[in-house]
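Me: Here is a structure I have to get to know for class. Please pick a single part, look at it closely, and then show me how the rest fits around it.

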Amino acid sequence: MNKLKQAQNKVEQWLEEVVIGLGLCPFAAYPHQQDQVHIEIYEGNADEKLLNALTNECQRLYTQDRNAANYVETSLICLSHALSDFIEYNDFLGLANLYLEQEGWSGHFQLASFHPGYQFAHTAPDDKDNLTNRAPLPIFHIIREASLEHVLSTYEDPEGIYERNIQCVHALTEAQLISLFPHIYKPK
């Protein structure tokens with residue numbers, strides 16, 4: 001199996017077993033079941049080409065016919081080689097958000113961030129809280145703001161999602177952590 005397919009499989013497994021399986025994102029199951037999640041493995045560097053790839057994906061999502069059979073609700077741009085260091089990734093995320101704003105995409109799309117080394121402020125690197133945003137590859141998740149607003153308006157207690165996610169990962173056994181996060185979780 002080639003490296004692109006392996007990377008794709010890792011991300012799909014993480015999406016199915018962690019994000020959807022654990023319910024970390026209560027809004028992910030429906031578009032996934034409808035085959036409306038686009039996963040793209042980006043092989044380039046963290047440079048202007050990556051910024052252009054993000055902008056091009058926003059343009060593609062924006063111009064889609066909502067009734068088309070191949071409609072995509074959301075996209076994951078997964079980096080196979082670039083930004084393996086979380087600090088560099090986080091810095092680039094800030095740049096990407098600025099770039100998308102300059103390109104006129106604020107109000108239409110927002111970026112969610114996932115990374116193998118994700119670390120929330122005021123946490124230790126090995127804190128289980130960080131697992132809620134850890135993924136097998138660095139990922140920029142392009143979310144339609146209108147869709148997000150819609151699901152949040154119909155979801156009871158959206159502010160509590162973060163706390164429930166933290167409780168969820170803290171409740172996992174050591175065996176579950178190793179199984180769900182094989183390339184991310186390091187037992188103590």
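Reply: Let's start at the second largest pocket, whose lining is made by Lys3, Leu4, Gln6, Ala7, Lys10, Glu43, Ser80, His81 and Leu137. Bear in mind that you're looking at a predicted model. Sorted by class, that lining is an even split: three nonpolar, three polar and three charged residues. The volume of this second pocket comes to about 170 Å³.

How do you spot a space like this at all? Rolling a probe the size of a water molecule over the atoms shows where empty space is left.

Now move over to the largest pocket, with its volume of about 1100 Å³. What lies nearest its centre? Look for Cys25, Phe27, His141, Ile143 and Leu148, which are among the 38 residues that line this pocket. By class, its lining has 25 nonpolar residues, along with 10 polar and three charged ones.

Where do those lining residues come from? Several helices each give at least two of them: α1 (3–20), α2 (29–33), α5 (145–154) and α6 (161–171). The strands β2 (74–79), β3 (109–114) and β4 (139–144) do too, again with at least two residues each.

To place those elements, step back to the whole chain. In total there are seven helices and four strands, and if you walk along the sequence you meet them in the order α-α-β-α-β-α-β-β-α-α-α. The radius of gyration is 16 Å, close to the 16 Å that the globule rule gives for 188 residues, so the chain is as compact as a globular protein of that length. If you'd like a feel for the dimensions, the C-alpha trace spans about 45 × 40 × 35 Å along its principal axes.

Contacts tell you how the chain folds back on itself. Take those between residues at least 6 apart in sequence: 70% of them join residues at least 24 apart. As for what's inside and what's outside, 43% of the 188 residues are buried. The chain exposes about 10400 Å², with carbon and sulfur atoms supplying 50% of that area.

Two loop residues are worth zooming in on. Leucine 83 sits in the loop between β2 and α4 (86–102). Its phi is positive, about 60°, even though leucine 83 isn't a glycine. Is leucine 83 buried or exposed? Its relative accessible area is 10%, and buried means under 20%, so leucine 83 is buried.

Histidine 122 also has a positive phi, near 65°, without being a glycine. You'll find histidine 122 in the loop between β3 and β4. Here the relative accessibility is 84%, and the cut-off for exposed is over 50%, so histidine 122 counts as exposed.

Last stop: isoleucine 178, in helix α7 (residues 174–180). With a relative accessibility of 39%, isoleucine 178 counts as partly exposed. Beyond its neighbours within four places in sequence, isoleucine 178 touches Tyr185 and Pro187. Remember isoleucine 143, one of the residues nearest the centre of the largest pocket? Isoleucine 178 is 35 residues away from isoleucine 143 along the chain, and their C-alpha atoms are 29 Å apart.

Technical notes:
Residues numbered from 1 in each chain as written. Predicted model: local features only at pLDDT ≥ 70, side-chain atom pairs only at ≥ 80, totals over all residues. Heavy atoms only, no water. 1 Å grid on protein atoms, 1.4 Å probe; cavity = no way out; pocket = protein on both sides within 12 Å on 5 of 7 lines; lining within 4 Å. Points joined across faces, edges and corners; volume = space filled by probe spheres on them. Nonpolar A, V, L, I, M, F, W, Y, C, P; charged D, E, K, R; others polar. Rg over C-alpha atoms; globule rule 2.2 N^0.38 Å. Buried < 20%, exposed > 50% of the residue type's maximum accessible area, 1.4 Å probe, protein only. Contact = heavy atoms within 4.5 Å. Areas by Shrake-Rupley, 256 points an atom, 1.4 Å probe, with all protein chains shown as cover.
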